Structures are given as structure tokens and as C-alpha cells.
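Please open the structure in your viewer, with the sequence panel beside it, and keep the selection tool ready. The stops below are meant to be taken in order.

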Amino acid sequence: MAKSAIQKIAMNPSENIAYDKLVLSQQNVRRVKDGLTIEQLAEDIGRRKLLQSLNVRPVLDVDGEETGTYEVPAGGRRYLALGILVKQKRLTKNEPIPCIVNRSGTTSAEEDSLAENVHRENLHPLDQFRAFKALREQGLDVEEIAARFFVSAATVKQRLRLASVSPKLLDLYEKDEIRLEQIMAFSISDDHARQEQVWERISGNPHMQEPYYIRRLLTETTVRADDRRAVYVGAEAYEASGGVILRDLFEQDSGGWFQDAALLEQQVFDRLKIDAETIRADGWKWVEAAISFPYGHTSGMRRVYAEPAEMSTEEIARHDAVKAEYDALDAKYAEMEDADQEIEDRLDRLGAELDGFGDRPQVYDPAQKAIAGAFVTLGANGQLQVEAGFVRPEDEPRVEVDDDEEADGRARDASQFDENGANGIVVNGRSTNGGSEATEEPEEEGIKPLPERLVFDLTAQKTLALRNALASNVDIAFVAVLHALVLQVYYRFAKDSCLELTFASNSFGQVQGLAETAWAKEIAERHEAWDRDMPDSDKLWDFLLGLDEASRKALFAHCASLSLNAVIESWNRRPGALAHADALATTLGFDMVTAGWEPTVDNYLGRVTKARIVQAVREARGEGSAQLIDHMKKDLMAREAARLLEGSTWLPEPLRLEGDAAVDAGETVTEDVTDETALDGDAADLPAFLADTASEEPTTQADEAKGRLEAAE
């Protein structure tokens, strides 16, 4: 049996039809403007001519005969763009236009118009990137490419930036195994090996594949451009020294990331040294410079302050003349019945000049500068900060005193002075951030006790915050001091007060970042304000008598608050004092959450075990959130936990008050308890998080170093 022949498809013929014989069809389905404007399309046709023919149908008369005119149901935007070129006289009316003529009538005009628009597929971003890259290699710059395709230069840069992504990842993107948002995140770095390493690290866990997390992994060893060190050095100087700045063209990056942290740090130190030399040249005996100083670094030093500069003979004469004229004119104007604008203007000018005399520049006595020095550091905004006028104890003028007579009461304790910086300039001499990273070691199951050093650091923060709170409540401060005094008078051996009225006030200088807390800054500002008003020691009694009651109370509260100590140390067991600190906090209505403390990688999460991190998230956000991070490596776990804990009211045990709830998420958490964590003997006197380490006091420097390493892990 013979097979029937397959009917062959005949294409609609292509004809060149004069433009003035064409009309726009009312059956064109496109009504809403979208994408490239008609004017832009006209410019493109003018540059590269028509790339796609118009789809037309002959217009028939009542008898069904062709009239010689053709309607355009598909290609209406191209037709309108050609019309703009005709109006601009860049195209003649009878210019032949390539057209596909549909005379078959098998489909309607509306169907043809719809098919042309629906069946068109937009260019894949990767194809667009490759095309832009080809044009760039042909010699076109970014602005020219953007102009030719009516897109912004930023869009072209973004597409070209995809060239920085590993070809392996681009292949995955082409196969739809990676999203465009993820590719954009990877483009922040030019290191293909690092990109592939990050993808291998996160590809097995959908929770870790968000663009923000990819950016975080790619920039974890860099320094943000808004960091005070980067602001101080500046992007221009950093790049001039060969530094590279990573930029994110797809998201707001606040200036990007400085890739070479070591280079940036060296530039900071070099510039600090130059600035310190400039400041010392002004007459100071010594200048010490560092990125930051520990809290209490000025302890044991007397401070001198600048005074308004004295007026010269000419300035005094001018001041007296202006004052006399002002007083005379003011008295005259007071007797006048009508207002006089000219006199008022003159009084304003004279008053402004008198104010100028009062606004004198602040200068230091050269004799004081010869024995004093300055600390130079970086503020949070990257600007240089200078704290000047500090006199070290050994630089104080010597005074003759009898053997039985004490030295001046305002002399400071020099025990914290570093003899290596006695004179001259010290740059970053008090603290360094060097050392190699400790590799992560396997951890034992269960919740281990908190490291003693961490407990000390946390409770040091609690102490400062509680001091600040006590200073703001005069009445409670009086009661606190009275309580301590009564204990010493009537209960000779009792030590159940957190106030150290011997005023052995601990500065906690070993706690990194303590000086940057809001509490430390507020205490320092208050202390400096009082210090400026203090007379010589032999006149202090009369000074205090002359204060009004409110001022005396405020000074009393400030001094009392400085003696408060709520720090927990395993070698210094004082459960009564710690209980009193919590009772005092409760009476003040104080808690660390309200005071502004939040768990971060630096102050807690990066310094405890993984089990502790997971426990914190579980208590604050519930089991579901804890399971999101329990599989991560420690460094990533700490950062993710910090993000999850933002805005929570969770506190670690050392910062909680007696009776505080441990759980913020409304769940009850039961810790794993093993035989090793059971308490007995003297350890029961300590908080649970310190109990296991109570009997293991370090006896050598090696033991102490090991303890610090364990705390860092």
C-alpha cells in the first residue's frame, strides 16, 4: 500500500513594500507600553537598520480585491519607529520596507500578533553577559555599550562583573542549579578557587545558600570600608599601596571591603606614628598612640586641662571700649519710647563682638605640657582622637614630705605604668591582636562550664553597667554605702556588700573593648566633668561644703558607684557580695538587656563551646532555630547565632539576676548533666557555670595560657 505524501508547508512570501502603503492594524494585541520606548527603537533602527520584517496583510475592498495598502498586525512598534524616522526626514515615505505578506487567511490578525509576542523568549542574563563581554573585547567601552542598548552603565557593569565568577559556577547557573541572586553574590570576589570552595561548603545545605550568607563567607577575612581603620587610612591611600577593595555592584555595600587586612593595619600604625610625632612636637613630653586603649588606661595619672588663653593688652583695650559703648547705647535705648532698628542692629553687632572675646581658644600651660603627655587613638567614625594632659606619677614635681606625712591626696598609683613608654612615642604598645588562629578541636558531648576568663569579662561588663545605674540613683547609692558602713561597724567580719569602700576600684583593663561600651563612656564623661571642678587637695573640704545638696548627692553617687564590684572570680569567692549585687540591681530596676547588652561573636559566642552556642539559641529562639545551626563549624555557628539572637532578651548565666528566667522563647530547656558536672564540696559555693573549674587554679604561666586558649575555642 502506497504511503500518502506529506503535505509540504509553504512560507508566506517576503516583499518590499513602500512605507506609505502600510497602516497600523487595529487588531494588534499590544496596548500597554513595556520595555524599550518607540523613540529608542527608532534610534536603534537608524543605527543598524531593520533586523526583523513586518508581518502584514493586504487590505481588501468590498469585493475582496486587494487595494494596494497593507495593514500591520504584528510588528506595530517597528512600524511606529519607522514613522518617527520619516518625520525626522531620515527615511523617505516610499522607502521599501521588508514585509512578510500573509494572504492565506488561515489565522486571524489577532492570533498572529499574539503569537509574535508570546513566542518570543527574553535573552538569558548569562547570554547578555557574554554578548556585552564580546562587545567590550571589540573595543567598546561601558558607556558606549549602555548607549547602544539603552540601559544604564551600572547594568552593563553588573553584567560584565559576572566575568569574575568561576566558569564552573556559571555552568551550574546555565543549568539552573544556581540562582542569579547567588551568582551576583559570588561576583563580589575575583578568587575563583575561593568561590568554588564556598559553594562546596554550602551546596549541601539549602539554609546556607542565601546570597547574604555567600557574601559573608567571601568577605569574612576582610575589613569593611566603614570600619574606623579603613576610614582613617582612606580608600585612595590603601589602593595606592596595592590594596584591593571588593565591591558589590548588586547591593549597597557602604564602600565595599578592604581585602588585605594586614596591609591596612600596617598603614594605620604608620599613619598613627606620624600623627603622634606631630602632636608631640607641640610640646608634650610623651605621646602614646594605638587603634584603641583598654578601659582604665589612664588609671594612676593626674590630668591637667587647658585654660582659656589670656587676652593681650590690645584685646583688653578693645573689649573695654566695646563694653562701654554697648552699655551706653543700651541705657540710651532703654529710655527711648520708639523702636530704632539701626540701634538694635548696632547692639547686636557689639554683643556678638563681646561674645567673641568670651569664646577664647583653650591652651595648655607650657610648664604642664613639659611633664604631661597625650593618648592618640581612633574614634568609631575613623577620626583621630586626642586625650591630652595626663601626668604620670613619676613625672610629678617632687615635694618634700616628712616620713610620717602622706603625699598629696591627688597623686595617683603608678602600678599600671609601662616603663617602656616613659618618654617619646609608643604606637599600639598597650595591646596587640596578633597570634595565630587556634584550630577547632573536637568537643566533648554536653554543656561544659564557662571559662573563668569569660565569666570575669562578662561580669566586668555587668559591674560597669551596674555602676552606671547606681550613679543615676542617688537615694539608693546612699543606702548602699550606709549598708556597707553598718556592716563594718556592727558586723566586723561580714563582707556581704558589693561596694568596695576601701575604693580599690578595679579598672578591668584586661577586658577587650570595655572602653567602647556606652556605660564606660558615660562614666568617663561624668568623671571628667567632676575632675575639671576639683580644687587642690587642701581646698577640697571647703569646696565640698560650698556645693549645693543636689551636687553633693550627685558626687556622692558617682564616687560610690566606682567602688561597686560584681565580678565573679573563682579564686575570690564572695557569694554574699554577689547576692547583694543582684539585690541592688533588682532595687534599681536594672538588667543588662535594658542596659543595652547583646550577645555577639566578640563578647560571648566566639568564646564558648559549640554546645553553649546551640544552648543559647535554643533558649532564646526555640529548638527549630537551634537545629538550623547545630551542624555548622564553630566560626560560622557563632556568627549565625549572633544574627539569630539579635533583638532577643537572652542573657548568659553570669549576667542574669537571681530569679531571672533563662528561656526567652517560652520553652523549658534541660541541660545534659554528667557525673563530671556534679557539684560537691566548696564548688557548690560557686555558680554552676564555674563549678567544674573551681578546683583547677592555674599554677604556672603555661596553665594560664592553656586556659586562655580553651576560652578562645
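The tour begins with the whole chain and then goes on to individual strands, a surface patch and a helix.

**The whole chain**

Begin by selecting everything, and bear in mind throughout that this is a predicted model. The protein chain has 28 helices and 15 strands, and of its 713 residues, 39% are buried. If you display the accessible surface, you are looking at about 41,100 Å², of which 49% belongs to carbon and sulfur atoms. Among contacts between residues at least 6 apart in sequence, 75% join residues at least 24 apart.

**Strand S3 and its two partners**

Select residues 54-60, which are strand S3. Because 5 of these 7 residues are buried, S3 is largely enclosed by the rest of the structure. Now add residues 66-74, strand S4, which runs antiparallel to S3 and is joined to S3 by 4 bridges. To see one of these pairings, show Arg-57 together with its bridge partner in S4, Glu-71. S3 and S4 form a hairpin with 5 residues between them, and in that turn you can pick out Gly-64, whose phi is positive, at about 85°.

Next add residues 96-101, strand S5, which is parallel to S3 and joined to S3 by 3 bridges. Here the pair to display is Val-56 and, opposite Val-56 in S5, Val-101. As you look along these strands, it may help to recall that in a regular strand the side chains alternate between the two faces of the sheet.

**A nonpolar patch on the surface**

Switch back to the surface view and select Val-29, Leu-114 and Val-118, which together make a nonpolar surface patch of about 250 Å². Val-118 lies in helix H3, residues 109-118. Is Val-118 buried or exposed? Its relative accessible area is 55%, and since the cut-off for exposed is over 50%, Val-118 counts as exposed.

**A three-stranded open sheet**

Move on to strands S6, S8 and S7, which form an open sheet in the order S6-S8-S7 with antiparallel pairing. S6 (223-224) and S7 (245-246) stand at the edges, each with a single partner strand, so one side of each has no neighbour in the sheet. Select S6 together with S8, residues 257-258, and you will have two antiparallel strands joined by 2 bridges. Within this pair, Arg-224 stands opposite Trp-257 in S8.

**Helix H26 and Glu-640**

For the last stop, select residues 634-645, helix H26, and place a distance label between its end C-alpha atoms, which are 16 Å apart. This agrees with the 16 Å that its 12 residues should span at 1.5 Å a residue. Because 9 of the 12 residues of H26 are buried, the helix is largely enclosed by the rest of the structure; among the buried ones are Lys-634, Met-637, Ala-641 and Leu-645. Following the chain beyond H26, you come to Gly-647, whose phi is positive, near 80°.

Return to H26 and centre the view on Glu-640, which is found in this helix. With a relative accessible area of 5%, under the 20% cut-off, Glu-640 is buried. Which residues are in contact with Glu-640, leaving aside its neighbours within four places in sequence? Show Tyr-212, Tyr-213, Arg-216, Ile-629 and Met-632 around Glu-640, and you will have that set of contacts on screen.

How values were computed: Residues are numbered from 1 along each chain as its sequence is written. This is a predicted model: local features need pLDDT of at least 70, side-chain atom pairs count only at pLDDT 80 or more; totals for chains, interfaces and linings use all residues. Side-chain values use heavy atoms; hydrogens and water are left out. Buried means under 20% relative accessible area, exposed over 50%, partly exposed in between (1.4 Å probe, protein chains only). Two strands pair if DSSP finds at least two bridges between them. Patches are made of residues with over 30% relative accessible area and no salt bridge: like charges are joined within 9 Å, nonpolar side chains (Val, Leu, Ile, Met, Phe, Trp, Tyr) within 5 Å. Accessible areas come from the Shrake-Rupley method with a 1.4 Å probe; for residues, only the protein chains shown count as cover. A salt bridge is a side-chain nitrogen of Lys or Arg within 4 Å of a carboxyl oxygen of Asp or Glu. The expected span of a helix is 1.5 Å times one less than its number of residues. Contact means heavy atoms within 4.5 Å.
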